[in-house]
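Proteins are not solid blocks. Look at the structure below and ask where its empty space lies.

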Amino acid sequence: MISRWNRRVFMGSVAGAFATPYLMRKARADDTIKLRCSLDTAPSHPRNQAIVDYLAKLDEASRGKIKSEVFHSGQLFADLNVSKALIQGQVDMAAPGTWTITGLVPDADYAQLPALYGQPADVVHRCTDGPPGELVEKQIEAKVRSHILGHWLDLGNENWYTTKKEIRTLADFNGLKIRSPGGAGISWRIGFVHAIPNVTPWPNVPLALSQGTFDGFVSSDESCTSAKLWDAGVKYSYADHQFFANYIPMVSDAFWSKLGEPDRKLMRDIWAENVERYRAMSAKSQADARETMKSHGVTFGDPSPDQIAADRKRMVEAQADLIRDAKLSADIVKLVSDAVGSHS
């Protein structure tokens, strides 16, 4: 026969046994680190697809310790504003384009240097994955108070797109209002062709374009396709591959500080294992997007290699103004020149 006291002990033990799984679950939930990622492009965009894939792999590999949420289409911040949000800890992760952070890190605008005008992806990667990219990453980590996960994500070639005027040479841009995604370097090139620069956040582009706020803009085939900009009036593209756009994957220092070294290594390793596949996905998306745009009536003009080389030469001769306006350091200019080498 069990005494009254022993019954109390026994029942308490049973209650504790039933409560333990709940307490363990609650502890695991409390230990979960939430990661909020801001992107200003649509879910169908290759950047969004890459980041969603990466974070899904991270969530799984962390066994629930990291729980991510992606906010698409500028729901939280436009890329032009996301650097400030990272600094202030208002968002945990972003992958802004280099052109959107030049106000804080001027050397991030090096992609606009004429030496890279019209260059193929392998030449660009000598810079992003080499000394020029390393210099920019150090500056970003200091200025944006963020940690770079690894090699940059490709968007691809940026070109000109217009609504009413077909462009056959750079001279045809004279007097047009052209939207820039941001950065002094792109505005410099718009000015170089005697057009008028206009900076508008990407989520606002379709409406502004349809209202005639500007005559054309600088972007990529994929970005145009994901936003269906033929519906907003796009009819022509001058595909000079004026620069190769990249996104830089970064997490805020505030979020990074919550992680132990094993979790930090996990984030870096998963990115490294997948970034080349993401780059290949972007390249395919750009090729497919061009065909989609053509199927919607967009006409493409492709300047010859000789025309690209001649335009590059003219830009190089005028690049002192670009270097001054974009506040590019002598170090980044030399590093890019060395990386490009005989391709310049």
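A cavity is a set of grid points where a 1.4 Å probe fits but cannot get out. This is a predicted model. The structure holds 2 cavities of 30 Å³ or more. A pocket, in contrast, is an open set of points.

| Space | Volume | Nonpolar lining residues | Polar lining residues | Charged lining residues |
|---|---|---|---|---|
| Largest pocket | about 270 Å³ | 6 | 6 | 4 |
| Largest cavity | about 170 Å³ | 9 | 4 | 5 |
| Second largest cavity | about 90 Å³ | 8 | 3 | no charged |

Start with the largest cavity, which encloses about 170 Å³. Its lining has 18 residues, and those closest to the centre are Trp-99, Arg-179, Pro-181, Trp-202 and Tyr-247. The elements α3, β5 and β8 each give two or more residues to this lining.

Next comes the second largest cavity. Its lining includes Trp-152, Phe-243 and Phe-244. Both α4 and β9 supply two or more of its lining residues. The largest share, 3 residues, comes from β9.

Now take the largest pocket, with its volume of about 270 Å³. Of its 16 lining residues, Gly-156, Asn-157, Ala-283, Gln-286 and Ala-287 are the closest to its centre. Helix α10 gives the largest share of the lining, 6 residues.

One more residue deserves a look: Asp-109, in the loop between β3 and α4. What is the nearest side chain of opposite charge to Asp-109? That is Arg-189, 8.0 Å away. Asp-109 is buried yet has no salt bridge, because a salt bridge needs the charged atoms within 4 Å. The side chain of Asp-109 does reach the backbone nitrogen of Gly-185, at 2.6 Å.

Terms used
Residues numbered from 1 in each chain as written. Predicted model: local features only at pLDDT ≥ 70, side-chain atom pairs only at ≥ 80, totals over all residues. Heavy atoms only, no water. 1 Å grid on protein atoms, 1.4 Å probe; cavity = no way out; pocket = protein on both sides within 12 Å on 5 of 7 lines; lining within 4 Å. Points joined across faces, edges and corners; volume = space filled by probe spheres on them. Helix = DSSP H or I, 4+ residues; strand = E, 2+ residues; numbered from the N terminus. Nonpolar A, V, L, I, M, F, W, Y, C, P; charged D, E, K, R; others polar. Buried < 20%, exposed > 50% of the residue type's maximum accessible area, 1.4 Å probe, protein only. Lys, Arg positive; Asp, Glu negative; His and termini not counted. Polar contact = N/O pair within 3.5 Å; in protein donor to acceptor, adjacent residues only side chain to side chain.
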